[in-house]
Amino acid sequence: MQHGERLKNGLIQFLLIVNAFIMLYPLVVMVLSAFKTNAELFASPFALPESFSLANAGRVWSETNFVRYLLNSVTITAVSVVVIVVFGTMAAYAIARYRFRLSGAVFMFFLSGLMVPLKLAIIPLFIQLDLLGLIDTRLGLVLVYVAMGLPSAVFIMTGFLRTLPGELEESARIEGASELRTMLQVMLPLARPAMVIAAIQNAVPIWNDFFFPLVFISTDRLKTLPQGLTVFMGEYNTDWGVLFAGLTLSALPITLVYIVLSRQFIAGLTQGAIK
Amino acid sequence: MTTDRLRRAALARRKRSLWIAVLLAPGLIVMGLFVAAPLLSAFRYAFYSFHGLAPADFIGLRNFTEVLTEAPFADWTWRALRHNGVVFAALMVAQNGLAFLIAFVLLKALPGHRLHQVIVFLPVVLSAVIVGFLWKLFLHPLFGLVNAALALVGVQGLPWLGDERTALGAIIFTNAWHWVGFPALIFLAGMQRISKETLEAARIDGAGDWRLMTGIIWPLVAPATTIVFILTFIGSFNWFELPYVMAGLNGSPGGATDVLGLYFYRTAFGNVTSGLQDFGHGSALAVLMFLFIAIVSGLALRVLRRREIQV
């Protein structure tokens, strides 16, 4: 019995290692291939590179607009996430901490945004941004991302802010603190963990998004990283070492952040689904 | 004296209302302008013909009837819908079935289980563009890693993405590799909520792994299954980025990988060759996709929720 159990666990452990290999190996090959020349890639695809030469990465860095795309993605993601968390927390604070008429209706209005895939409203969005002169601008993209991210941020923050005890703001009020000060100095510092979840949940899809830039952005120097990658993959399609270097460099930023914050990433991205 | 107090109370009330309005306004304005307004317009536009970017004439249901029943649109519409159905079914069985097994094994908390969670979830955080291009290179008929590996064991590989019989399957496989960690960790979270006593009791009653998995865990993770089903459904019928990157806007080869997302984009914004915008038919397609997804997932949600209560 004991023996059988150990044998079974050993087998399961083996299958898990196989699975981990299937998940990781393609990414390892991507990174190793980034150091290879075309000849090396085709002759020995599985071998380690002959040298860890940065020639391919250097070409991506200097010959293409990679740095530009990277900076655009960083800016657009950072601005969108900050605005989502700020606006979302403000609205959630009003809904969670004050009784007022229409409070339920306002909350439902935000939540209804969770149900609709905004991609399917892309035609009117395109026309509207065009009317506002925001087509082919980073601001237009940010506004759409904010609209897309607000419902989940309001949902998470309202749920969290409702759990904070009322005595805290009561005592702040008795001491004569204004509503603004009560919110900023007493209540919101306690809500930081929920803000982190809301930020990660929105940052990852925005960082990775391809659809909205594809429709809205046409000027090359305004493109985001995933969109720029499609340009780059077309231009260098005969130079596989450079292609793998481009993929590796594109995957690098989020992978590094993920390794550091994996617990928060997993919680943030699955919690939205589980609630 | 009392009037003074009343006035002060009224002032405080007004100040409070103003403060609440200030808190709500930015969010409501953005949502109104970029979610509510476009969604309402989306329905309206479907009933119009277009001149360029502007709606021109009200034409009733014509966009809808053309898209659903008339050549050449109807053939494309139904073919794409069929492909989305295949994608959904395949992902439910292969990707989510595997995810369930991974979750069950991780529940045992063998050494290294936390590291394994981090590893299966890693591709989830990468962009579909990166994953799509990476596997497109791996699946290359001559220089790709997949066929090189098959050659090592003496198997002649296929041009996976170039063959009509395998192209859709190859993209579905890539999707499963990309996303499997997501349903796996949702299932795992559901399994971890089952009380230890329940599992212990089943063990003591002599239930083996198979009985435990099918008889105890499967019914008790019903809420997680509901979520995975609905999210996979919505994802499968909005599928766009992976087929766009791996098969191109026309769903090559020969439309074998054409799905609603690609077809809608092509219709609305013009494909690479013609570049013509057709917002009328595009809007009709968007409305139909929206209704289809909303109605089916609404019905599925009711059925699945009832199943949760029963167990």
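This report describes a strand hairpin in chain B and the contact between chain B and chain A, both taken from a predicted model.

**The hairpin**

Strand 1 (residues 48-51) and strand 2 (residues 54-58) of chain B run antiparallel and are joined by 3 bridges. The two strands form a hairpin with 2 residues between them. In the turn, B:Gly52 has a positive phi of about 60°. The table lists residues of strand 1 with their partners in strand 2.

| Residue in strand 1 of chain B | Residue opposite in strand 2 of chain B |
|---|---|
| B:Tyr48 | B:Phe58 |
| B:Phe50 | B:Pro55 |

In a regular strand, side chains alternate between the two faces of the sheet. Strand 1 of chain B has a covered face with B:Tyr48 and B:Phe50, while B:Ser49 and B:His51 belong to the uncovered face. Strand 2 of chain B is hardly covered, as 0 of its 5 residues are buried.

**The contact with chain A**

How many residues does each chain bring to the contact? Chain B gives 60 residues and chain A gives 67 residues. On the side of chain B that touches chain A, helix 1 (residues 2-45) of chain B supplies the largest share, with 16 residues. By residue type, that side of chain B has 50 nonpolar, 8 polar and 2 charged residues.

Definitions and conventions
Residues are numbered from 1 along each chain as its sequence is written. Chains are lettered from A and ligands numbered from 1 in the order in which they are written. This is a predicted model: local features need pLDDT of at least 70, side-chain atom pairs count only at pLDDT 80 or more; totals for chains, interfaces and linings use all residues. A residue is buried if 20 or more other C-beta atoms lie within 10 Å of its own, exposed if 12 or fewer, and partly exposed in between; C-beta atoms are placed from the backbone. Helices (H or I, at least four residues) and strands (E, at least two) are DSSP runs, numbered from the N terminus. Two strands pair if DSSP finds at least two bridges between them. Two residues are in contact if their C-beta atoms, placed from the backbone, lie within 7 Å. Ala, Val, Leu, Ile, Met, Phe, Trp, Tyr, Cys and Pro count as nonpolar, Asp, Glu, Lys and Arg as charged, and the others, Gly among them, as polar.
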